[in-house]
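Please look over the sequence and the model shown below, and then follow the report that goes with them.

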Amino acid sequence: MNSDFCVAVHGLVYLKHKNDMVPSEELAKNICTNPARVRKVMARLKKAGLVQTKEGKVGGYSSVEKAGDITLYRITEALSIRFVDASWRSGDSDMSCLIASGMAEVMNGIYLELNGLCLDNLKQITVGEVEKQLFSRKRKGEAK
């Protein structure tokens with residue numbers, strides 16, 4: 001997984017909360033990254049129908065209707081993210097040892113299963129719930 005998921009979730013929560021057109025520079029400042037990175041991630045979210053854009057002096061990004069209902073799973077789909085993966089595999093399929101020749105395939109299955117569990121969990125979490133968690137934490141902190 002790369003951090004584009006964090007940029008996307010942060011950006012969508014901010015857009016939902018602001019409920020207005022927000023330029024990439026403002027989003028980038030809140031996310032603590034650069035505007036070009038925000039535009040790259042937001043372009044993928046726009047393609048998936050998760051954000052709207054407007055060009056011009058008062059342009060930027062806005063959340064789609066019912067942004068609070070967007071699941072984190074939909075964000076992972078838009079960004080083609082795999083949470084559990086490894087680019088390196090141990091062993092060699094051409095070796096005569098069953099462990100060496102079969103480990104990569106077994107690990108691939110484990111990674112796929114773990115990734116599926118992550119995705120199933122993200123189907124239950126919405127952008128609105130992330131926002132609620134943020135603001136309930138703030139209220140608890142203020143009470144101290």
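The buried residues of helix α5 are A100, Y111, N115, L119 and L122, and the parts of this predicted model that cover those residues include α1 and α4. An α-helix has 3.6 residues a turn, so residues three or four places apart point the same way. This is worth keeping in mind when reading the list of buried positions in α5, where Y111, N115, L119 and L122 appear one after another.

The length of α5 can be checked by simple reasoning: at 1.5 Å a residue, the 25 residues of the helix, residues 98-122, should span 36 Å, and the C-alpha atoms at its ends are indeed 36 Å apart, which agrees. The helix also has a bend, of about 30 degrees, at A104.

One of the buried residues of α5 deserves a separate look. N115 lies in this helix and counts as buried because its relative accessibility is 7%, under the cut-off of 20%. When residues up to four places away in sequence are not counted, N115 touches R82, F83 and V84.

F83 leads on to the aromatic rings, for the structure holds one aromatic pair. The rings of F5 and F83 have their centres 5.1 Å apart and their planes at 90 degrees, so the pair is edge-to-face. F5 lies in helix α1 while F83 lies in the loop between α4 and α5, so the pair ties together parts that are 78 residues apart in sequence. F5 is itself buried, with a relative accessible area of 10%. Another ring takes part in an arrangement with a charge: the charged end of K123 sits over the ring of Y73, at 4.7 Å from the centre of that ring.

Which helices supply the largest nonpolar core? This core has 30 residues, and those with the most contacts inside it are L27, M42, L45, L72 and I75. At least two of its residues come from each of α1 (4-18), α2 (24-31), α3 (35-47), α4 (72-79) and α6 (127-143), and the largest share, eight residues, is supplied by α1. L45 shows how such contacts reach across the sequence: leaving aside neighbours within four places, L45 is in contact with A8, L12, L50, V51, I75, A78 and L79.

Helix α2 also contains S24, a residue that is buried because its relative accessible area is 6%. Apart from neighbours within four places in sequence, S24 is in contact with P35, V38, R39 and Y61.

Two loop residues call for a closer look at the backbone. Most residues other than glycine have a negative phi, and most peptide bonds are trans. N19, however, has a positive phi, near 50 degrees, without being a glycine, and S80, which is not a glycine either, has a positive phi of about 55 degrees. The table sets out where each of these residues is found and how exposed it is.

| Residue | Loop | Phi | Relative accessible area |
|---|---|---|---|
| N19 | between α1 and α2 | near 50 degrees | 65%, exposed |
| S80 | between α4 and α5 | about 55 degrees | 63%, exposed |

N19 is therefore exposed, with a relative accessible area of 65%, and S80 is exposed as well, with a value of 63%.

Key
Residues are numbered from 1 along each chain as its sequence is written. This is a predicted model: local features need pLDDT of at least 70, side-chain atom pairs count only at pLDDT 80 or more; totals for chains, interfaces and linings use all residues. Side-chain values use heavy atoms; hydrogens and water are left out. A nonpolar core is a set of buried Ala, Val, Leu, Ile, Met, Phe, Trp, Tyr and Cys residues joined through side-chain atoms within 4.5 Å. Buried means under 20% relative accessible area, exposed over 50%, partly exposed in between (1.4 Å probe, protein chains only). Helices (H or I, at least four residues) and strands (E, at least two) are DSSP runs, numbered from the N terminus. Contact means heavy atoms within 4.5 Å. The expected span of a helix is 1.5 Å times one less than its number of residues. The bend at a residue is the angle between axes fitted to the seven residues ending there and the seven starting there. Rings of Phe, Tyr and Trp (its six-membered ring) pair if their centres lie within 6.5 Å; planes under 30 degrees apart count as stacked, over 60 as edge-to-face and the rest as tilted. A charge sits over a ring if NZ of Lys or CZ of Arg is within 6 Å of the ring centre and within 35 degrees of the ring normal.
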